[in-house]
Amino acid sequence: MKAFVGIRKGLEVMAVILTVMLIASCSKKNVSDNPEALDTEKENVVIGFSQVGSESSWRVANSESMKSALSEENGFELIFDDAKQKQENQYKAIRRFIQQNVDYIVLAPITEDGWDDVLIEARKAKIPVIIVDRKVNVRESSSYVSWVGSDFAWEGKKAVDWLEDELELRGMQENGINILHLKGTIGATAQLMRTEELEKGAAKHDNWTVVGTLEGEYTEAKSYELTKEFLETQKDIDVVYCENDNMAFGVMRALDEAGLKYGGEDGIIIISFDAVSSALEECLKGNISLCVECNPLHGPRVMRIIDQLEHSMNPPKLSYVEETLFSYRTITREIIDERKY
Ligand code: AHR
C-alpha cells in the first residue's frame with residue numbers, strides 16, 4: 001500500500017514537471033540577470049526567489065528544495081537571492097526582479113510587516129507574487145496570489161498540549177514549572193504563532209512561569225551565547241521551549257557547560273521545532289524531548305502553484321502543510337532514516 005502511494009505521488013510530481021516543461025517550451029520572456037540587458041531571450045519560466053538567509057538547517061533544506069524543483073531540467077530559470085536576514089535586501093531583490101521582468105516572484109518573507117509598497121509595485125508590473133513559509137501582513141490581499149507554508153499556531157499548540165501530558169506522566173502537573181523561552185526572529189510568523197501558543201499555555205496554568213525570554217534569532221550561536229549568560233544567574237529550569245532546532249543545539253551546549261542535566265525522564269525538558277534529522281537524532285538519544293515538525297520542502301508545492309497559474313487556474317490563497325510531532329518516547333531509527341534533511 002505504502003509502495004503504491006509512493007508510486008502515485010511520484011507520478012503526480014512527474015505530471016506537474018512535464019506540464020511545466022511543456023508550458024516553458026511554449027512561453028518566451030525577455031529577461032536577464034542583468035537589468036541592463038533586458039533584451040536577452042530565455043525560453044524557461046523565470047522565477048525571482050527572495051530567500052530569508054541561511055540561519056538554520058531548516059532554511060538550508062528549504063533552499064535546496066526550491067533549487068531542485070525550480071531547476072532548468074524542470075523548465076525554470078531560478079534567480080535566487082539570499083537576503084542574509086535583512087528585509088532591506090528583500091526589497092532590493094524584489095525591485096531587481098521587477099526590472100528584470102521575471103515571470104513570477106517568490107518571496108520567503110523575514111517578517112510579516114512592511115510589504116505593502118513593494119508588493120504593490122510587483123502587482124502594477126503584472127508579476128504574480130507567491131509567498132512561501134512565513135506570511136505577510138498586507139492591507140490588500142491581492143498583493144500576492146498564493147501562500148504555502150506551515151500552520152505555526154498548530155505547531156505551538158501541539159507542543160503545549162504535549163507538555164501538559166508529559167508533566168502529568170512525570171507526576172509534575174502540580175509542581176511549579178520554570179520555562180525558559182528562546183524566540184526566533186521577532187515578527188516572523190513562526191515566532192509570533194509559536195510564542196502566542198506558549199503564552200496561552202502559561203496563562204492557563206498558574207504553576208507555569210516563563211522565567212526568561214531570549215531572542216535567539218533562529219541561530220545556534222546566538223542561542224548558545226544568550227543561554228550561557230542567562231544561566232549565570234538562573235539555573236532553576238524545568239523546560240526550555242526553543243522555537244527551532246538550531247536554537248535547541250545552542251541551548252544544549254550551554255546546559256552542558258553549566259552542568260545541568262536535560263533529557264530522559266527526569267532531566268530538563270527541551271522542546272524544539274523543525275525536526276531536522278540532527279534534532280531527531282538528539283530526540284532518539286532522549287536529549288530533545290519533543291521535536292515538532294516544520295516541513296521545509298516547499299519547492300514542489302511552489303511548482304504546483306505556478307503550474308496552476310500557467311493554466312489560468314486560481315491556486316488556493318492559503319495552503320497549509322500537514323505536519324506531526326516526534327517525542328523521545330515514541331521516535332524510532334526508521335523515522336530518522338526516512339528523513340531527507
Ligand atoms: O519560518 C520557518 C522557521 O524559519 C523555521 O522554524 C526556522 O528554523 C527557520 O529559520
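Here is a short chat about the ligand site of this predicted model.

Me: What kind of model is this, and how are residues numbered?
Reply: This is a predicted model, where local features need pLDDT of at least 70, side-chain atom pairs count only at pLDDT 80 or more, and totals for chains, interfaces and linings use all residues. Side-chain values use heavy atoms, without hydrogens and water, and residues are numbered along each chain as its sequence is written, from 1.

Me: Which oxygen-bound distance does the polar side-chain atom of Arg134 have to the ligand?
Reply: Polar contacts here are pairs of N or O atoms within 3.5 Å. A polar side-chain atom of Asn244 lies 2.9 Å from a ligand oxygen atom, and one of Arg194 lies 3.0 Å from a ligand oxygen atom. For Arg134, the distance from a polar side-chain atom to an oxygen atom of the ligand is 2.8 Å.

Me: How much of the ligand's accessible area does the protein cover?
Reply: Accessible area comes from the Shrake-Rupley method with a 1.4 Å probe. On its own, the ligand has 280 Å² of it. The share that the protein covers is 100%.

Me: Which elements give two or more residues to the shell around the ligand?
Reply: The shell residues (a heavy atom within 4 Å of the ligand) include Trp58, Arg59, Ala190 and Arg194. Helices are DSSP runs (H or I, at least four residues), numbered from the N terminus. The elements are helix 2 (57-69) and helix 6 (189-204).

Terms used
Polar contact = N/O pair within 3.5 Å; in protein donor to acceptor, adjacent residues only side chain to side chain.
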